[in-house]
Structure formats: C-alpha cells, structure tokens
Amino acid sequence: MSIRRFLSTGLLLTTLSATAQTKPAAPAMSQRMTDAFMSWYPDSILIGNRTTARWDYEQGLMMKALERVWMRTGDPKYFSYIQKDLDKFVQADGSIRTYKQEDYNLDNMATGHALLLMSQVSLGSSAAQQKYIKAAQYLRKQLDGQPRTKAGGFWHKKVYPNQMWLDGLYMAQPFYSEYSNVFNQPTGFDDVAKQFALIEKNLVDPKTGLLYHGYDESKEQKWANKTTGQSPNFWDRGMGWYAMALVDVLDYFPANHPQRAQLVKDLQRLAPVLAKYQDSKTGTWSLVVDQGSRKGNYAEASGSSMFVYALAKGVRLGYLDSKYAAVAKKGYDGLLKTFVTTEAGNALAFNGTVSVGGLGGNPYRDGSFEYYLSEPLRKNDLKGVGPFIMASVEMEIAAESAAGKGKTVGLDNYFNHEIRKSPLTGEPEPWHYTWEERQHGGFYLWGNQFRELGAKTVTIPTAPTAAALKNVNVYIIVDPDSKKESPKPNFVQPADVQAISDWVKAGGTLVLMANDTSNCEIPRFNTLAKAFGIQFTNTSMNMVQGSQFDQGLVTLPAGNSVFKTARTAYVKELSVLDVKSPAKPLISNGNSVIMATAKVGKGTVFAIGDPWLYNEYTDGRKIPAKFENFQAGKDLATWLLQQSNAK
C-alpha cells in the first residue's frame, strides 16, 4: 500500500471510530525517518563505515534535522539525542574532542549550529551552558585564520589550496550567519555575503545556470579549466549543499542588510534552473545534473532531497514564486517513490545516496562524469537521510500553511518590556515572552507554530495605536509589567483601551494573557479586559509545589471550540477569570473560569490568567508527557488564525 493511501485510510478510520479521538495521530514521515535513524545509531552518530565517532559535518547535518523535528513536535527525545551526542565531544573548557582547528577544514563548522542551539536554550544554569558557548566561540575562531583566495573566499580545506567548493557554503555559512546574529557581530554578514558572491561569479555556468562543483583560483589543479579554474561537471549534491546554504543563511540575515536582497536573487536565479533539470517522469534529479539521459547516470537521493528542501522552504518564506511549490511537491513524491522503503517492524530505509564526491586528493579525483559515477551508492547514508528529513518537514508544513497565509501575528513589547543583560553578548536585550528568546521564558516555540501555519510573526514595541495595529491580524498582550519588573512600566491607558477596542470591533483577534497577581500589573490591564466582559481576579489557583506537576493539571474537554486535539494542559499559578457578556467561559474547573472567549463586533478575544505557552512548558523537556501544552499551543494558534480576517 502506498504511503499516501495508508494515511488516507488512517484518517477515514479515525473519523469512523468513536474511540479514535483519544489516540495519537500516526507519526509524520519526518518523525518516522528520524526515529529510524535513532534506531540505527542509538548511542552516537557513526559516519559511513567508521567504528568510532568523530566531529563531522554529517553529524551536524543530522543534528539540524533532529532540531527541526523537535521544533515541529515538541518531543524531547530529539533534543536529548542532540545533547547526548554533543556531550561525547564538547569538554567542560569548550574544547572539542577529535576537532583540530589547525586543519582549517570548513566541513568541521557544520556542527556549530548545534552548539549555538545549546548556547541559547535553558539548561538548568548559566554554568551548564558555558561549555557550549565556549565551544561555539572556539569553532568560530577557525574562520579568523581560515586560508582565503586572493579575492577573499574561504579555501574549502587547508589541504585544498586556492579552492572554493560548493560544499563549503553549507558547511560554514549558516553557522557563520547564526553566530553573527546570536553574538551581534554584524560584520560577519558582510563576509558571508562575499562568499556567495564569489560562488555566483566563479561557478555559475552562463549557458545553463547550473553550478560547477569547484573552482581553483590558481588554475593549477588537473581538474581545473585553465581559463576559468572551474571543475568540469555539475554534481547534484554540490548544488544541493549550495541551495540549502542559501535558504538557511537567510534565516539569520538582518532584514535591512544591503546584501540580503542579492541572496534572495541568487535563490531566485537558481530555482528555474532546478525546475528545468528535474526529471519530468520521476520528479528526481540526476547525479550529474545536465546529463540525465547519458548511460550510467542515475537519480540520486541526497541532491534530490536538498533541492526539494530548498525549493519548498524558499516558497514558504516568500523568496520564491508559489509555482515552485509544485516542483517541490513533484520532487518529494519522487523521493518517496524512488528512495524510501519500509523494512521489518515498519521502520523506514533511505536508498540511493552516493557515498562521496570530491576533487583532487589521493587517489586523484578529476571531476569527470566517469569519476562521479565511480563512487558507490549507500543505503541510509546520512547525507541523504538528513536532507530527506528536512524536506519532509517542509512538505508537512506546506500541507497546513493555508491557515495563516497572508496574516500577521503581533506580540506586544510595550506593556511587557522587561530588559536584561544578555548572557551571550552582555548587552541589554528585551526578554520574557518574546518571539526570539529560546530560553524557558520565551515564546520561540509558539511563534514557530504560528510561522509553520503560514503566518508572519512581528514584535510591536509601541503603544497600540490604529497605525501600529493596521496590518496585524492577531495581537497578543502578555503579563504587563509592574514597577517591580520595569523601572518605567507602560501601563494600559484609556487611549490604549479605545484603540484596541476599535481594532477588535473591526475584525482583529486579541489575546490577553495575565499572570497571578504577584507577577502581573492587573488593575490597569483589567481596564482593557473589562471592555470585553473579562476580569482577571485576585484569586489564584493551580499553586504547584515543586515538581508536583499534577497540581497544574487543566482538562481540555472534547467538543470545546478551540482545542481540537489537546486534552490536557499544564497551567500553574493562574489568575481565575470573572466573565460576563459578551465573554463566555471556554475552559473551567468547577466554578473557576480558566479560559474565556468573546465575540465583539467582527472581532474575537481570548483570555487566560497565565502566559502558559512559554518554552519551559511547550518544549517537552520539563513537564511530563501527559501534558499536551505543545499541541494545545498549536490548537490555539490555529483557532486564532481562523478567527482573524486578512487585512
């Protein structure tokens, strides 16, 4: 039975069964392949035929795939796997076992993003994070000494002098970009942009638009064209690394950076080229991209997966025309049909990945058509598995992104405007319930759910005037500051109440999240809530003692209008609501109203007396699995987007 038919059958059975509503949905393809990978390597990531683990780019590739699946599911086992594997290498002083900075090998940078992940999330104490911060800084120092071409391009490796390879763009630039973002080092973005500009200048074939695998500035290598320095062929995975690098660095590039637009143009230049060389029957791409019909050439899994990922993500983020969604979908269907097989125990396998592809070295690799075909294929090779998982995540997002298409979710940073000293840069930064914060108190995961549903998330740092809310569909106000939290808090004023009320009546969707009275400015916040028939009372409930998590249990009964899938939530120390028309209770515990909604004019209001969807209680790492805060957050995000009318 085909995968698509299996899923359709499963949905039908769920509809027909009265008891199926309480059963978990079948795991998505991204989870199934990730779980298969973890079953192959339960203790550490081994590369190819090695018997011992070492710091490696394939390790970094898989960690990125694991992170995306964790972000998508809230299942902590994926995070735990990343941390466990990293801890086999990262020492207390920030040194990295098996890594040699003096090799100046760009491949060694690819695992750096996992160090940055650990540098940003809460790990119990600041001290626990220090080894990851130090390791990320140590890895970053490699780039300061990395040999460069005369034009300023990084050599792929010290042992490959004067050479830039497509592979190196993925190995180093996403890490370099994220590091520059996290540590507020804006000059790094200029350098990243330069690397892409040099590739576009030296490796793009003007006739086909395809990219040659490598470039030798000195033109001394036997594989190098004596006029251009280019290698002789278009290798699919090399181009795949480059395509993934383009869409990934844009995650971190500042919106106002002068070269950001050029990177988008580079991706837009590449997309029609990929579409042109896609096999019209299978949807896949050939190992040597432009010679699909040549004897011996074949559909290759890793490059095909990378192209699907880059195209799908490019469409999702608005870099590419929506017509490329069909190219990605056709490619993904080709991946499922051509490379994915099911083995004993319903575990998945991924076939058809070429083991390696390089230039020069010993034995010498001349970059010829015959050379690329001489490299063996491998089953479950991580260079194919990782991109396939990431492509699967993108296709799963694409299937549900219509809910938020064209809509903007604004998060207040005016009434809630706490400032702290950044633990990474030492500079002042907003924190507590922000989209960007990945530590416990941030809304990073909830914001990601809105974005995966197709919406744009923005921060609103000003008072809620008509102009500030003009293009906002969902407006979220969380835990307004008291004088204890902010020296000069912005209290809710009558003009704010009027502006927000007018905005809601015109069709806006408002979310009010208070806190218990000792941690929130309630009286003035209530002047806003009162406009919609809601009051946050001085009565607090679910006062959890230590790790007695059951004291924070909130039941989400079937049939409620908001939470279609989640049935239990963890909400601690919440302010009970007092509700009158037009508001109505949504979730109650006995006579205590926990959540309420209101229809006002064309708009909608949702209220709860706690910020309960911050990372600490959605990322799966702290509270027991029976609490479904992650899924409840997605249910709520979906409902909020459904209420709003695109403006």
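Me: What makes Lys622 count as partly exposed in this predicted model?
Reply: Lys622 has a relative accessible area of 39%. Partly exposed covers the range between 20% and 50%, so Lys622 belongs there.

Me: And its partner, Glu616: why is that residue called buried?
Reply: The relative accessibility of Glu616 is 13%. Buried means under 20%, so Glu616 qualifies.

Me: How do you know that Lys622 and Glu616 form a salt bridge?
Reply: Look at the closest N and O atoms of Lys622 and Glu616: they are 2.4 Å apart. The cut-off asks for a Lys or Arg side-chain nitrogen within 4 Å of a carboxyl oxygen of Asp or Glu, so this pair passes.

Me: What joins Arg68, Arg72, Glu400, Glu452 and Lys634?
Reply: These residues make one network, linked by salt bridges that share partners. In the whole structure there are 29 salt bridges.

Me: Let's take one of them. How do you know that Arg72 and Glu452 are bridged?
Reply: Their closest N and O atoms lie 2.7 Å apart, and the limit is 4 Å. Arg72 sits in helix 3 (residues 57-73) and Glu452 in helix 15 (residues 444-452), so the bridge ties together parts that are 380 residues apart in sequence.

Me: Are Arg72 and Glu452 buried or exposed?
Reply: Both are buried, with Arg72 at a relative accessible area of 13% and Glu452 at 4%. Each value is under 20%, so the word fits.

Me: Why do Arg420 and Glu429 get different labels?
Reply: Nice one to puzzle over! Arg420 has 19% relative accessibility, so this residue counts as buried. Glu429 has 23%, so this residue counts as partly exposed. The dividing value is 20%. Their side chains meet in a salt bridge, at 3.0 Å from N to O.

Me: What makes Asn560 buried?
Reply: Its relative accessible area is 8%, so Asn560 falls under the 20% cut-off. You can find Asn560 in the loop between strand 14 (553-555) and strand 15 (568-570).

Me: Which backbone atoms does the side chain of Asn560 reach?
Reply: One is the backbone oxygen of Pro557, at 2.7 Å. Another is the backbone nitrogen of Val562, at 3.0 Å. A polar contact needs N or O atoms within 3.5 Å, and both distances meet that limit. Leaving aside neighbours within four places in sequence, Asn560 is also in contact with Arg567, Leu586 and Ile587.

Me: How do you know that the span of helix 12 agrees with what is expected?
Reply: Helix 12 (residues 324-338) has 15 residues, and at 1.5 Å a residue it should span 21 Å. The end C-alpha atoms are 21 Å apart, so the two values agree. Among the buried residues of helix 12 are Tyr324, Val327 and Leu336.

Me: Which residues have the most contacts inside the largest nonpolar core?
Reply: They are Leu86, Leu115 and Met239, in a core of 123 residues. Not counting residues up to four places away in sequence, Leu115 touches Trp55, Leu86 and Tyr132, among others. There is also a second, separate core of 45 residues, including Val562 and Trp612.

Me: How confident is the predictor in this chain, going by the mean pLDDT?
Reply: The mean pLDDT is 94, and 96% of the residues reach 70 or more. Over residues 1-22, though, the pLDDT is below 50. Beyond near neighbours in sequence, that stretch has 8 contacts in the model.

Methods
Residues are numbered from 1 along each chain as its sequence is written. This is a predicted model: local features need pLDDT of at least 70, side-chain atom pairs count only at pLDDT 80 or more; totals for chains, interfaces and linings use all residues. Side-chain values use heavy atoms; hydrogens and water are left out. Helices (H or I, at least four residues) and strands (E, at least two) are DSSP runs, numbered from the N terminus. The expected span of a helix is 1.5 Å times one less than its number of residues. Buried means under 20% relative accessible area, exposed over 50%, partly exposed in between (1.4 Å probe, protein chains only). pLDDT is the predictor's confidence in each residue, from 0 to 100. Contact means heavy atoms within 4.5 Å. A nonpolar core is a set of buried Ala, Val, Leu, Ile, Met, Phe, Trp, Tyr and Cys residues joined through side-chain atoms within 4.5 Å. A polar contact is a pair of N or O atoms within 3.5 Å; within protein, one must be able to donate a hydrogen and the other to accept it, and residues adjacent in sequence count only if both atoms are side-chain atoms.
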